[in-house]
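Reader: I'm new to this one and would like to know how the labels people use are arrived at. Could you take me through some of them?

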Amino acid sequence: MPIREVQLPLKSLEQCAVCRKKSSELKLCSFCGEVTYCSTECQTGDWVKHKRICGKEQTDRISLDQFHPILAVLAESNRLLPARPMHPAITRQIINSPNPYVPEMTFPDGTSAKLVKLGKEIGLTVHPVLNTEWWPTALSDQVRGKLVRRFLREGHTLPLISAVLVALLSEMYTSPDGNSSLRRTRLNYKSSPIADFGIAKGRATVTPQDMFAFWDTLTDRFWLGQDPNDHYWIYFTTLKGEELVLDFGMFTFNNCTIISAEPYIHPNANMVPAPPSPCYFRNRSMARNAPTLHTETGRVSVLRNKNLHRFVEQELIVECPHDCSILFDFMESFSSRPLTVEEKKLTEAWIFWNTKWLKCILSTRHWVNWPAEPALAIEQDPGEMAALDKWTPPKDMKKKRKSKKREYNKETIGKVFNRWENRV
């Protein structure tokens with residue numbers, strides 16, 4: 001018998017909760033966002049029953065603008081856990097010059113990417129950013145450091161997303177002992193509740209110059225890096241049908257939008273001290289003013305998947321490792337290939353930690369102290385437009401706000417990533 005029970009939000013505005021009347025004029029309860037009514041009479045008549053689970057004392061409604069950064073921070077923290085193996089290009093000397101603005105190469109099979117040639121083994125006693133032997137022809141420490149970060153963030157996108165979203169389902173959308181009267185936390189966007197979230201797959205818009213290909217000169221092995229045509233990201237759908245995109249797998253492709261992780265690290269949750277974390281959030285303002293980076297070919301819901309409900313309803317998920325076959329079957333039904341043993345082990349470890357971290361964050365209402373909108377920056381290559389220190393989407397599209405700007409020089413980049421780089 002389940003120890004916990006999934007409590008789903010409304011899926012659509014279909015009918016009145018009292019008289020079951022279907023109407024285009026249905027109104028949503030403004031306190032909890034969980035019930036719809038066709039009239040004031042139905043809402044008033046239902047209040048005696050509804051008040052037990054309604055109101056600010058029973059339901060926390062968190063804006064996705066405020067909450068989405070923690071999901072990116074969790075993914076970045078997962079990347080830094082010891083269970084994940086080091087990228088091979090970080091442990092080998094780079095013997096060519098894949099500097100910014102060096103053009104891509106076209107290979108015999110017709111694919112194009114920037115080539116990285118790997119030579120002898122390099123010890124990790126000195127971090128690659130400071131080790132000129134690792135990449136002797138790098139233009140600067142800044143260029144060397146960014147390449148390290150692009151390598152560290154390559155791959156494992158589907159396991160990362162799955163681990164984050166299953167933890168979100170587990171800790172935000174379940175009630176202990178099936179008791180729905182306990183305080184709940186729900187996501188919303190622009191006053192509309194989030195009705196669904198899950199994983200989308202398809203193609204990311206990436207230029208060949210921003211893709212990697214690797215050639216191991218010692219074994220004569222050649223392979224392509226992360227494939228933008230086999231890409232995964234998170235989708236959110238509001239009750240009113242608005243779509244939002246969250247992607248923390250684009251940094252490797254030189255789409256280097258990052259957020260400060262510091263406000264989201266819970267002091268008592270034993271969280272990994274993550275650096276500024278990759279986070280591309282396509283909200284309403286972005287959808288109106290920027291071209292889309294994604295071409296979707298399929299999607300699968302995490303919030304409304306009944307098999308995943310059975311998986312998270314067992315309390316074992318937050319106590320100790322257990323059988324994850326339900327989750328792996330879900331992932332492989334959507335993946336372009338079978339999961340590797342390494343991917344399964346990483347997914348299991350990441351879910352274990354994500355559920356613990358999210359449980360601590362939600363139970364202590366740590367999110368109350370987070371900024372309404374995250375501090376956003378762009379890590380640029382030398383010579384590009386200065387990085388944005390903070391970006392706030394304009395509320396009125398006719399009134400453009402001027403973004404504050406600053407140059408990210410060698411010294412500031414070093415300070416921002418110092419704590420992270422010391423862990424490698």
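Reader: Which residue of E12 is the bridge partner of Ala213?

Author: In this predicted model, Ala213 has Leu224 as its bridge partner in E12.

Reader: What makes E11 and E12 a pair, and in which sense do they run?

Author: Two strands count as paired once there are at least two bridges between them. Strand E11 (residues 212–216) and strand E12 (residues 221–224) have four bridges, in the antiparallel sense, so they meet the cut-off of at least two. They also form a hairpin, with four residues between them. In that turn, Asp220 has a positive phi of about 60°.

Reader: Which other residues have a positive phi although they are not glycines?

Author: Among them are Ser191, at about 75°, and Asn254, at about 70°. Ser191 sits in the loop between strand E9 (184–189) and strand E10 (192–204). Asn254 belongs to the loop between strand E14 (243–247) and E15.

Reader: Why is Ser191 called partly exposed, and why is Asn254 called buried?

Author: Buried means under 20% relative accessible area and exposed means over 50%, with partly exposed in between. Ser191 has 48%, which falls in between, so it is partly exposed. Asn254 has 19%, which is under 20%, so it is buried.

Reader: What about E15: how do you know that it pairs with E19?

Author: Three bridges join strand E15 (residues 257–259) to E19, and the two run antiparallel. The cut-off is at least two bridges, so this counts as a pair. Within it, Thr257 stands opposite Ile378 of E19.

Reader: What is the order of the strands in that open sheet, and what makes a strand an edge strand?

Author: The order of the three strands is E16-E15-E19, with antiparallel pairing. An edge strand pairs on one side only, and that is the case for strand E16 (277–278) and strand E19 (376–378).

Reader: How do you know that the length of helix H2 agrees with what it should be?

Author: H2 has 17 residues (64–80), and at 1.5 Å a residue they should span 24 Å. Its end C-alpha atoms are 25 Å apart, which agrees. For H4, the 16 residues should span 22 Å, and the end C-alpha atoms are 22 Å apart, so that agrees too.

Reader: Why are H2 and H4 called mostly covered?

Author: In H2, 17 of its 17 residues are buried. In H4, 16 of its 16 residues are buried.

Reader: What happens at the start of H2?

Author: There, a side-chain oxygen of Ser63 comes to within 3.2 Å of the backbone nitrogen of Asp65. A polar contact needs the two atoms within 3.5 Å, so the distance fits.

Reader: Gln66 is in H2 as well; why is Gln66 called buried, and what does its side chain reach?

Author: Its relative accessibility is 13%, and buried means under 20%, so the label follows. The side chain of Gln66 reaches the backbone oxygen of Trp367 at 3.1 Å, and that of Trp370, also at 3.1 Å. Beyond four places in sequence, Gln66 touches Tyr264, Trp367, Val368, Trp370, Pro371 and Ala372.

Reader: Is Ile62 in strand E4 buried or exposed?

Author: Ile62 is at 0% relative accessibility, so it counts as buried. Among the residues that Ile62 touches are Phe67, Leu187 and Trp367. The C-alpha atoms of Ile62 and Ala372 are 9.8 Å apart, with 310 residues separating them along the chain.

Reader: And what makes Gln15 partly exposed?

Author: Gln15 is at 30% relative accessibility, between the 20% and 50% limits, so partly exposed is the label. Gln15 lies in the loop between strand E1 (4–6) and strand E2 (27–28). Its contacts include Arg20, Leu26 and Thr36.

Reader: Where is the centre of the largest pocket, in terms of residues?

Author: Of its 28 lining residues, Glu154, Gly155, His156, Arg337 and Glu343 lie nearest the centre. The pocket holds about 660 Å³ of space. Helix H3 (141–152), helix H4 (157–172), E12, strand E13 (231–238) and helix H8 (341–363) each supply at least two residues of the lining.

Terms used. Residues numbered from 1 in each chain as written. Predicted model: local features only at pLDDT ≥ 70, side-chain atom pairs only at ≥ 80, totals over all residues. Heavy atoms only, no water. Expected span 1.5 Å × (residues − 1). Buried < 20%, exposed > 50% of the residue type's maximum accessible area, 1.4 Å probe, protein only. Polar contact = N/O pair within 3.5 Å; in protein donor to acceptor, adjacent residues only side chain to side chain. Contact = heavy atoms within 4.5 Å. 1 Å grid on protein atoms, 1.4 Å probe; cavity = no way out; pocket = protein on both sides within 12 Å on 5 of 7 lines; lining within 4 Å. Points joined across faces, edges and corners; volume = space filled by probe spheres on them.
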